[in-house]
Amino acid sequence: MIWSIIGTAAMSVIIAIAGSPYQGQSKQVVIGSQAAFIVLFIFTLLIFACVLRLIKRDKQGLVKN
């Protein structure tokens, strides 16, 4: 529950900061939403890389149960 609140707050901060220098509220939301999407996409790639690394380590027998 707390993680959804933290995630929502973080995304709204990214949207507000990224969209602030643009004129017009709708353009601010669009630019900020694009920035938030990029941040989430980067996090997704990092998580995917970590999962692949864990799978590789598990196949080598380096992961302890």
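Ala16 is a convenient place to enter this structure: with a relative accessibility of 48%, Ala16 counts as partly exposed, because the partly exposed class lies between the 20% and 50% cut-offs. The model examined here is a predicted one. Ala16 belongs to helix α1. Its C-alpha lies 6.3 Å from that of Gly32, although 16 residues separate Ala16 and Gly32 along the sequence.

The contact between the helices can be taken up next. Two packed helices are described by the angle between their axes and by the distance between those axes. Helix α1 covers residues 2-19, and its axis comes within 7 Å of the axis of α2, with a crossing angle of roughly 130°. Helices α1 and α2 are therefore oblique to each other, because an angle has to be over 145 degrees to count as roughly antiparallel. The crossing of α1 and α2 is right-handed.

Helix α2 itself runs through residues 25-59 and holds 35 residues. From the first C-alpha of α2 to the last, the distance is 51 Å, close to the 51 Å expected at 1.5 Å a residue. After α2 comes Gly61, a residue with a positive phi, near 80°.

The loop between α1 and α2 offers a second residue to set beside Ala16. Pro21 is located in this loop, and its relative accessibility of 60% places Pro21 in the exposed class, for which the cut-off is over 50%. Pro21 and Arg53 are separated by 32 residues in sequence, and their C-alpha atoms are 39 Å apart in space.

Stepping back to the whole chain, the protein contains two helices and zero strands. Its radius of gyration is 17 Å, well over the 11 Å that the globule rule gives for 65 residues, so the protein is more spread out than a compact globule. The extent of the C-alpha trace along its principal axes is about 55 × 25 × 10 Å.

The surface completes the picture. Of the 65 residues in the protein, 6% count as buried, a class that requires a relative accessible area under 20%. The protein exposes about 5,700 Å², and 71% of this area is supplied by carbon and sulfur atoms.

Notes. Residues numbered from 1 in each chain as written. Predicted model: local features only at pLDDT ≥ 70, side-chain atom pairs only at ≥ 80, totals over all residues. Heavy atoms only, no water. Helix = DSSP H or I, 4+ residues; strand = E, 2+ residues; numbered from the N terminus. Expected span 1.5 Å × (residues − 1). Rg over C-alpha atoms; globule rule 2.2 N^0.38 Å. Buried < 20%, exposed > 50% of the residue type's maximum accessible area, 1.4 Å probe, protein only. Areas by Shrake-Rupley, 256 points an atom, 1.4 Å probe, with all protein chains shown as cover. Axes fitted to C-alpha atoms, helices over the stretch in contact; angles between N-to-C directions. Parallel < 35°, antiparallel > 145°, perpendicular 65-115°, else oblique. Left-handed = near helix turned anticlockwise from the far one by under 90°.
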